[in-house]
Amino acid sequence: MSISESIESVKRSLPPSVTLIAVSKTKTTSAIMEAYNFGQRDFGENKVQELSEKYALLPKDIRWHFIGHLQSNKVKYISPFIYLIHSVDSIKLLNEINKRAESEGRVINCLLQLSIADEESKFGFNDSELWDLFEKGRFKDFKHINYRGLMGMATNTDDMKKVGSEFSHLNTFFQKIKSLDILPEFNILSMGMTNDYQTAVHHGSNMVRIGSLIFGERN
Ligand SMILES: *Cc1c(COP(=O)(O)O)cnc(C)c1O
């Protein structure tokens, strides 16, 4: 299947309310342009250097999503243009994004990453850290952050019952923060990748991040 055929078939399997992020990490600018020419505008990358290079070369109406672990000292390279950072996983990082956004006169869209998987390697806040940030009002210290929602990655397993229960937990937590009614644009729940996006959508995801199913396997 070509890239455009793959996008079409993924989109057919998604409810219209779910935003598709085409995860283009390791893929060439010409592969990205094929998706772009088919109408895709949201792309996800997980390395600062690779994203910066692609940003410079590609059309400026692309909405770039940062989906990988982000080191504080690299925020400055993407803060001028990034559309949405999915992977804010510490207060230190939040503080740095806020500082960079302020100096550029921007407000940056962010998702907070919640750790929902078993694996130690998965970054993210735990429930109580996130709950404290909002419930105790500390989120207000960061005026140049637009809190748009939550992101999470499930355990990498074929056990879809387990994956489903992790996504369900994230959705419950998302609804709980939303219902505090203190964040006007808190409406994105980013969960689901190639192997688990149907389960994620079933459990309330409204943004899926799909790479291999669109662009083919990565090396
Ligand atoms: C690579 C990556 C994806 C996409 O993975 P696929 O399995 O290729 O769909 C989604 N989210 C994050 C955070 C990633 O790093």
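**Close-up views of a predicted model**

**View 1. E135 in helix α6.** E135 lies in helix α6, which covers residues 127-135. The model shown here is predicted. How is E135 placed with respect to solvent: buried, exposed or partly exposed? E135 is partly exposed, because its relative accessible area is 47%, and the exposed class begins only over 50%. This view also takes in I182, which is 47 residues away from E135 along the chain. The C-alpha atoms of E135 and I182 are separated by 9.3 Å.

**View 2. H169 in helix α7.** H169 belongs to helix α7, a helix of residues 160-178. H169 has a relative accessible area of 36%, so it counts as partly exposed. Which residues does H169 touch, leaving out those up to four places away in sequence? They are L114, I116 and D127. H203 is 34 residues from H169 in sequence. In space, the two histidines are 9.0 Å apart, C-alpha to C-alpha.

**View 3. The largest nonpolar core.** This core holds 60 residues. Which of them touch the most other members? I85, L112, F134, Y147 and L150 do. Helix α7 gives the most to this core, with six residues. L112 can serve as a guide to its surroundings. Beyond four places in sequence, L112 touches V88, L94, F125, L130 and L133, among others. F134, Y147 and L150 are also contacts of L112. G149 and M151 are on the list of its contacts too. Another core lies apart from the largest one. It has six residues, including L111, M151, I188 and M207.

**View 4. The ligand and its shell.** Which residues surround the ligand? They are V23, K25, I67, M153, M193, T194, R209, I210, G211, S212 and R218. By type, this shell divides into five nonpolar, three polar and three charged residues. Three of the polar approaches to the ligand are picked out here. From T194, a polar side-chain atom lies 2.5 Å from an oxygen atom of the ligand. From R218, a side-chain N or O atom is 2.7 Å from an oxygen atom of the ligand. From G211, the atom is a backbone N or O, at 2.8 Å from a ligand oxygen. How much of the ligand does the protein bury? Taken alone, the ligand exposes 380 Å², and the protein buries 92% of that.

**View 5. E45 in strand β2.** E45 sits in strand β2, residues 42-45. Is E45 buried or exposed? E45 counts as buried, because its relative accessibility is 0%. The side chain of E45 makes a polar contact with the side chain of K54, at 2.9 Å. Apart from residues up to four places away in sequence, E45 touches S24, K25, T26, I32, E50 and L51, among others. W64, H65, F66, I67 and G68 are further contacts of E45. Two of the residues that E45 touches, K25 and I67, are also among the residues around the ligand.

**View 6. S205 in a loop.** S205 is found between α8 (197-202) and β8 (207-210). Its relative accessible area is 5%, so S205 is buried. Where does the side chain of S205 reach? One partner is the backbone oxygen of M207, at 3.1 Å. Another is the backbone oxygen of L189, at 3.4 Å. Leaving out residues up to four places away in sequence, S205 touches V18, L189, M191 and A200. L189 thus appears both as a contact of S205 and as a partner of its side chain.

**View 7. Two loop residues with positive phi.** Most residues other than glycine have a negative phi. T26 has a positive phi of about 70°, although it is not a glycine. T26 is in the loop between β1 (19-23) and α2 (29-37). T26 is exposed, because its relative accessible area is 52%. D181 also has a positive phi, of about 60°, and is not a glycine. Where is D181 found? D181 is in the loop between α7 and β7 (188-190). With a relative accessible area of 70%, D181 is exposed.

Notes: Residues are numbered from 1 along each chain as its sequence is written. This is a predicted model: local features need pLDDT of at least 70, side-chain atom pairs count only at pLDDT 80 or more; totals for chains, interfaces and linings use all residues. Side-chain values use heavy atoms; hydrogens and water are left out. Helices (H or I, at least four residues) and strands (E, at least two) are DSSP runs, numbered from the N terminus. Buried means under 20% relative accessible area, exposed over 50%, partly exposed in between (1.4 Å probe, protein chains only). A polar contact is a pair of N or O atoms within 3.5 Å; within protein, one must be able to donate a hydrogen and the other to accept it, and residues adjacent in sequence count only if both atoms are side-chain atoms. Contact means heavy atoms within 4.5 Å. A residue is near a molecule or strand if one of its heavy atoms lies within 4 Å of it. Accessible areas come from the Shrake-Rupley method with a 1.4 Å probe; for residues, only the protein chains shown count as cover. Ala, Val, Leu, Ile, Met, Phe, Trp, Tyr, Cys and Pro count as nonpolar, Asp, Glu, Lys and Arg as charged, and the others, Gly among them, as polar. A nonpolar core is a set of buried Ala, Val, Leu, Ile, Met, Phe, Trp, Tyr and Cys residues joined through side-chain atoms within 4.5 Å.
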